Amino acid sequence: MKTLVFLEHHEGKLQQDSLGVLGKAAALGGEVEAVLLGEGVEQLAAEAGKFGASRVYVADDVLLAAPLPQPRVDALESLVNDGGHDTVLFAASVLSADVAAGLAARLGAGLNWDLTDLVEEDGRLVGKRPALGDAVYVDVGWTSEPRLALIRSGTFEPAETGGSAEVEKIEPRLQDFSLAARMVEQAHEESEGPSIEDADVIVAGGRGLGGPENFALVEELAKALGGAVAATRAVVDAGWYPYAAQVGQTGKTVSPKLYVAVGISGAIQHKVGMQSSGLIVAINKDPNAPIFEYADFGVVGDLHEIVPKLTELVRARKAA
Amino acid sequence: MKIAVCAKHVPEATAQRRLDPQTKRLDRSGEGTLNQFDVHAVEEALKLRDASGEGEVVIVSLGPERALEAMRKALAMGADRVVLVSDEAAAGSDLVATSRVLAAALEREGADVVLFGQQANDSDGAVLWAAVADRLQRPLISQVAELTHEDGKVRGKRQTEFGYDVIEAPLPAVIAVSDAINEPRYPSLKGIMGAKKKPQETVSLGDLGVGADEAGEAGSRTEVYALSDPPARGDTVKIEDDGSAADKILQFLQEKKAL
C-alpha cells in the first residue's frame with residue numbers, strides 16, 4: 001500500500017483532523033506520504049513527519065495561497081500519477097470534499113465519503129460508512145486504484161509516532177480554469193459571540209424555532225440552566241445567530257455534560273459537532289427527525305409550549 | 001441568462017428508507033420526490049433568470065423514468081423545461097459515472113450557470129458539483145449562502161470551518177448552494193396546472209454519446225460489500241408531549257443529576 005494524505009492547514013497550523021487521518025494511514029501500514037499545498041507552508045512539513053508521514057511533498061506557490069479546490073486538484077493529479085499512490089485520503093472539510101471529488105473525476109477514480117473507519121479485510125481495503133442517518137453501516141470498497149476516501153470529521157485522533165519526514169518540493173502546473181475562481185475575502189468571522197467550547201451546559205436552537213425572535217426561548221432556558229447558547233448552521237447562515245455559537249462540522253465541536261437541542265433536526269453535519277456530549281435532550285415537532293436516533297431523552301412536541309414551561313420548572317427547582 | 005439546475009429524484013422523506021439487501025442499493029420502489037436541497041437551487045435559478053430578464057432555467061437529472069414526475073415540481077415553481085437522462089445502463093452509477101453522464105448532458109446545454117443543491121437527501125452525497133465542474137473545466141463555488149451576479153461574474157459568500165469566504169468567478173461557472181440561501185416559493189395552482197405542458201425530454205446514454213461501459217456499475221469505481229447494524233447506543237427515550245413533557249424532562253435531568 002502506498003498512501004498519500006492531503007494535509008489541510010489554517011493560519012500556520014495543520015488541522016487536527018488531517019493529522020488524525022495521517023495517523024490512521026500509518027497504522028494501516030505500507031508507505032505513507034503526505035502533501036502540503038499553500039504559500040509559506042514548508043515549516044509545517046516537519047510536524048507531519050512526527051505524525052506518521054515518511055515523505056511530505058510541498059508546493060509553495062502564491063497561486064495556492066487561497067484555500068480553493070481546483071488548483072489543488074491539478075497538483076494532486078500529477079503527484080498521484082507520478083508517485084503511483086494506490087490510496088489517497090482526505091479528512092472531510094468544505095475544502096477537501098471539493099478537492100477529493102474533483103480529483104476523482106480527473107483520475108476516473110472511485111471516491112467513498114463520510115467514512116468512520118478504514119480496515120484491511122480479506123486482503124482488501126474496506127471503508128465503513130454510516131448511511132441513512134447512521135441507521136445502517138455500509139462496508140464500501142473500490143474496484144480500481146487509486147482509491148480515494150473522505151473521512152468524517154473528528155473520526156481519528158492524531159497520534160505522534162516520533163518519526164521524521166523527508167521533504168520534497170513540487171512545482172505543480174496549474175490549469176487556467178482552475179485559477180478562474182478567486183478568493184475575495186477569506187475566513188471572515190462575522191461577529192463576536194460567547195465561547196461555547198468550555199460550557200458544561202449548552203442549549204442549542206435550530207430552524208424549528210421558526211424565526212430569530214424565538215432565540216429568546218433558548219436564551220432563557222440556557223440562563224436558567226447556567227449554560228451557553230449554541231446554534232445550527234442553518235440558522236447561523238440565515239443570520240439568526242452569530243457564527244461563533246455554531247455547532248457542527250463547519251462550526252465548533254463541543255462536549256458539554258448536557259446538550260439540549262431545541263428545534264434541531266440533527267443532520268450529520270450537526271451531529272459530528274456534538275455527539276460526544278454527556279446527555280442529549282431533544283425537543284422537536286417532527287417525530288422522524290434524526291436527532292431522536294441519538295438523543296438520550298427526546299420529546300416530540302411544540303417547543304413554544306415546552307421550552308418556557310421547562311425554563312420555569314428549572315428556575316423553581318434552582319430557587320428551592 | 002441560461003441556468004441549468006442538477007436535480008435528483010429521491011424517496012419521500014416520510015417513507016421508511018431501506019437498503020435492498022440483495023442489490024445493496026437504496027430501495028427506490030416507494031414514492032419519490034424532488035430532493036429538498038435541490039428546491040433551493042431551483043429557487044435561486046429562477047431568481048437569477050428573472051433578475052437578468054431573459055434566458056431559461058433547465059432542470060437536468062439522471063434517474064428512472066418516473067423521476068420526471070418529481071421534476072415537475074421544479075416546472076411548477078417556474079422552471080422552463082426538463083432534460084432527464086434515463087437509461088437502464090446508468091442504474092447504480094457512483095460519483096465518477098454520475099458526473100460523467102451529467103457533464104455530457106450539461107455540455108449539450110451550454111448554460112451560463114450550473115447550480116446544485118447542498119446534498120442528496122438519500123445518499124448524503126455532497127460532492128457531485130466538484131466532479132462535474134472538473135469535467136466541464138469550469139470554475140466552482142460551493143456551499144454558497146449568498147449569491148450575486150454582475151458584469152458576467154458571480155460572487156458567492158459561503159461558510160467554512162474558519163468563517164465566511166467570499167469567492168468570485170467568471171461565467172460560465174458551477175455553483176452549489178446551501179439551503180440557507182433562500183426560502184423556496186410554493187408552486188402556484190397555475191404553475192402546477194402548466195407544468196405538464198412544459199417541455200420534458202428524456203434522453204439515453206447513447207443520445208449523449210456516453211458508452212454503456214462508462215455509466216452504471218460498469219462505469220463506477222466504488223462498490224458496496226456488506227450492510228450491518230450500527231454499534232448499539234445507550235438507551236434512548238422518545239416521548240410524545242401530552243402536556244407533561246417539561247415535567248418529564250426535569251425529572252430526567254434530576255435522575256441523571258444534570259441540574
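How many bridges join strand 1 of chain A to strand 6 of chain A, and do these strands run parallel or antiparallel? In this predicted model, the two strands run parallel and are joined by four bridges, with strand 6 covering residues 87-91. Within this pairing, A:Phe6 has A:Phe90 of strand 6 as its bridge partner. Strand 1 of chain A also pairs with strand 4 (residues 31-38) of chain A, again in parallel, this time through six bridges. Here A:Thr3 is matched with A:Val32. Strand 1 itself, residues 2-7, is mostly covered, with five of its six residues buried.

Next comes the meeting of the two chains. In total, 77 residues of chain A are in contact with 68 residues of chain B. On the chain A side, helix 4 (residues 94-107) supplies the largest share, ten residues. Sorted by class, that side of chain A has 45 nonpolar, 16 polar and 16 charged residues.

The chains also share a sheet. Ten strands line up in an open, mixed sheet, in the order 13(A)-9(B)-8(B)-7(B)-10(B)-6(B)-1(B)-4(B)-5(B)-11(B). At its edges stand strand 13 (182-188) of chain A and strand 11 (200-203) of chain B; each has a single partner strand, so one side of each is left without a neighbour in the sheet. From one strand to the next, the twist averages 25°. The link across the chains is made by strand 13 of chain A and strand 9 (residues 163-170) of chain B, which run antiparallel and are joined by four bridges. In this stretch, A:Glu185 sits opposite B:Val166.

Elsewhere in the sheet, strand 6 (residues 113-116) and strand 10 (residues 173-177) of chain B run parallel, with four bridges between them. One of the matched pairs there is B:Leu115 with B:Ile175. Helix 1 (residues 36-52) of chain B packs on the sheet, touching strands 1, 4, 6, 7 and 10 of chain B, and its direction makes about 180° with that of strand 1 of chain B.

Helix 3 of chain B rounds off the picture. Its 15 residues, 95-109, should span 21 Å at 1.5 Å a residue, and the end C-alpha atoms are indeed 21 Å apart. Twelve of the 15 residues are buried, so the helix is largely enclosed by the rest of the structure. Among the buried residues are B:Leu95, B:Arg100, B:Val101 and B:Leu106. Just past the end of helix 3, B:Gly110 adopts a positive phi of about 55°.

Technical notes: Residues numbered from 1 in each chain as written. Chains lettered and ligands numbered in written order. Predicted model: local features only at pLDDT ≥ 70, side-chain atom pairs only at ≥ 80, totals over all residues. Expected span 1.5 Å × (residues − 1). Buried ≥ 20, exposed ≤ 12 C-beta atoms within 10 Å, placed from the backbone. Pairing = 2+ DSSP bridges. Axes fitted to C-alpha atoms, helices over the stretch in contact; angles between N-to-C directions. Contact = placed C-beta atoms within 7 Å. Nonpolar A, V, L, I, M, F, W, Y, C, P; charged D, E, K, R; others polar.
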